[in-house]
Amino acid sequence: MEHVRPTELIQLAAGELGAESRARVLQHLETCAACGRAFEQQRRLHAVLDAWNAVPPGIDLVAGLERKLENRSQIILRPFWGSAAQAGRVAAAVLLGVGLGYGAARALTPGSQPAPTPPVIAQADTPSSAESPVDVLADPSPAGLYAALLDMTAPADDEEGQS
Amino acid sequence: MPADPQVSDHELMARTATGDREAFATLVRRHQQAILALAYRFLGRWDLAEDIGQETFLRIWSGAKRYEPRAEFRTWLYRVVANLCWDQRRRRASAPLSIVDDCLDRCGDAALPSERNELADRVRRAIAELPDRQRLALVLHRYDGLSHQAIAEITGWSSAAVESCLVRAYEHLRNSLAAKDLG
């Protein structure tokens with residue numbers, strides 16, 4: 001005689017067996033003491049397991065989910081403004097870095113120093129029109145030009161003394 | 001406008017896909033107890049169960065537009081929960097299932113006789129000792145009333161694997177629970 005499979009006993013105790021299978025198993029249980037005992041144990045086990053009635057201790061997920069969805073929607077709206085501000089900060093930092101780097105490079109590289117200003121003595125050799133004894137613009141005649149030329153080629157008194 | 005409690009899960013999902021939060025809230029209230037109990041029985045802690053519940057429904061909200069009502073909604077929902085529970089256990093694979101002793105204060109029914117609370121505690125501990133696969137199959141079968149076929153759909157295991165898990169789980173419990181518990 002073939003015994004009932006354990007899985008069928010489980011299904012019978014859980015009320016899962018179809019009508020045909022159920023009738024077959026029940027018929028077997030009437031004549032097989034071993035399977036009858038196994039089924040009774042399974043039935044009692046189910047009843048014992050039902051003693052553990054896990055009731056959530058006042059947890060309501062709705063409020064928490066509402067908050068999370070609200071936060072998500074704010075995050076979805078935020079990127080444009082958030083990224084614009086972020087991009088501004090990054091651009092400012094880059095510009096500052098480039099500026100500092102450029103300045104430092106110029107200060108440390110000899111070839112890139114600014115051209116030296118002409119010596120002051122060269123300016124002293126070229127008298128301004130206000131200091132010139134002959135005002136060319138005031139006397140543009142050949143005589144005036146000649147006088148101006150003589151004045152420019154004549155050595156100064158202090159140069160004479162030095163030589 | 002509050003959703004009609006008689007509206008089907010599929011209809012609520014269709015409305016959730018359009019961003020209807022009332023429909024979503026109705027869906028959450030309808031299923032949260034079962035989800036929390038399932039996660040708690042599998043993970044052994046209410047705080048973890050609450051996290052799983054939150055994450056499950058956030059995924060439901062995010063995936064509502066892709067939802068296709070081919071199977072029963074509950075099967076789809078339980079699949080999400082089972083996957084999250086499974087991930088949670090994998091992350092803590094080396095750790096034994098936590099048996100939190102404040103459980104009886106929180107989940108036990110104070111109105112029940114203490115003998116029944118003691119029995120509930122023994123059952124809880126016996127189930128916590130089961131290997132993960134057996135425990136998941138047993139919880140889905142015994143406490144959520146799901147058939148072998150439904151468990152196979154939820155877990156992605158073959159029917160034979162589900163049967164095997166259940167037979168071994170019940171056998172383990174028969175052996176671990178004291179003879180007096182089984183009468």
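Which residue forms a salt bridge with Asp87(B)? Select Asp87(B) and look for Arg90(B): the two form a salt bridge, with the closest N and O atoms 2.7 Å apart. Keep in mind that this is a predicted model.

**Stop 1: helix 4 of chain B**

Stay on this pair. Asp87(B) and Arg90(B) sit three residues apart in helix 4 (residues 73-91) of chain B, so about one helical turn separates them. An α-helix has 3.6 residues a turn, so residues three or four places apart point the same way. Now colour by accessibility. Asp87(B) is partly exposed, at 27% relative accessible area. Arg90(B) is exposed, at 56%. Then pick Cys85(B). Cys85(B) is buried, with 1% relative accessibility.

**Stop 2: helix 6 of chain B**

Move to residues 114-128 of chain B, which make up helix 6. Select Asp121(B) and Arg125(B). Their side chains meet in a salt bridge, 3.3 Å from N to O. The two residues are four apart in helix 6, which again means about one helical turn between them. Is Asp121(B) buried or exposed? Asp121(B) counts as buried, because its relative accessibility is 15% and the cut-off for buried is under 20%. Arg125(B) is partly exposed, at 32%.

Salt bridges elsewhere share partners: Glu40(A), Arg43(A) and Arg44(A) are joined that way into one network. That network comes up again at Stop 4.

Before leaving helix 6, select Leu119(B), which belongs to this helix. Leu119(B) is buried, at 16% relative accessibility. Add Leu177(B) to the selection. These two leucines are 58 residues apart in sequence, yet their C-alpha atoms are 9.4 Å apart in space.

**Stop 3: helix 1 of chain B**

Go to Thr16(B), in helix 1 (residues 9-17) of chain B. Thr16(B) is buried, with 2% relative accessibility. Show the backbone as well. A polar atom of the Thr16(B) side chain lies 2.7 Å from the backbone oxygen of Leu12(B).

**Stop 4: helix 3 of chain A**

Switch chains and select residues 33-49 of chain A, the 17 residues of helix 3. Draw a distance between the end C-alpha atoms. They are 24 Å apart, which agrees with the 24 Å expected at 1.5 Å a residue.

Next, show the side chains that face away from solvent. The buried residues of this helix are Cys35(A), Phe39(A), Gln42(A), Leu45(A), His46(A), Val48(A) and Leu49(A).

Now find Arg43(A) and Glu40(A). They form a salt bridge, the closest N and O atoms being 2.5 Å apart. Both lie in helix 3, three residues apart, about one turn of the helix. Arg43(A) is partly exposed, at 41%. Glu40(A) is partly exposed too, at 26%. Over all chains, the salt bridges come to 17.

**Stop 5: a pair of cysteines**

Select Cys32(A) and Cys35(A). Why is there no bond between their sulfurs? The sulfur of Cys32(A) has its closest cysteine sulfur in Cys35(A), 3.6 Å away, and that is too far for a bond; a disulfide needs the sulfurs within 2.5 Å. The count of disulfides over all chains is zero. Cys32(A) is buried, at 4% relative accessible area.

**Stop 6: helix 4 of chain A**

Finish on the surface. Select Val90(A), Val94(A) and Val98(A). These valines form a nonpolar surface patch, with about 260 Å² of accessible area together. Val90(A) is in helix 4 (residues 61-108) of chain A. Val90(A) is partly exposed, at 46% relative accessibility.

Conventions:
Residues are numbered from 1 along each chain as its sequence is written. Chains are lettered from A and ligands numbered from 1 in the order in which they are written. This is a predicted model: local features need pLDDT of at least 70, side-chain atom pairs count only at pLDDT 80 or more; totals for chains, interfaces and linings use all residues. Side-chain values use heavy atoms; hydrogens and water are left out. Buried means under 20% relative accessible area, exposed over 50%, partly exposed in between (1.4 Å probe, protein chains only). The expected span of a helix is 1.5 Å times one less than its number of residues. Patches are made of residues with over 30% relative accessible area and no salt bridge: like charges are joined within 9 Å, nonpolar side chains (Val, Leu, Ile, Met, Phe, Trp, Tyr) within 5 Å. Accessible areas come from the Shrake-Rupley method with a 1.4 Å probe; for residues, only the protein chains shown count as cover. A salt bridge is a side-chain nitrogen of Lys or Arg within 4 Å of a carboxyl oxygen of Asp or Glu. A polar contact is a pair of N or O atoms within 3.5 Å; within protein, one must be able to donate a hydrogen and the other to accept it, and residues adjacent in sequence count only if both atoms are side-chain atoms.
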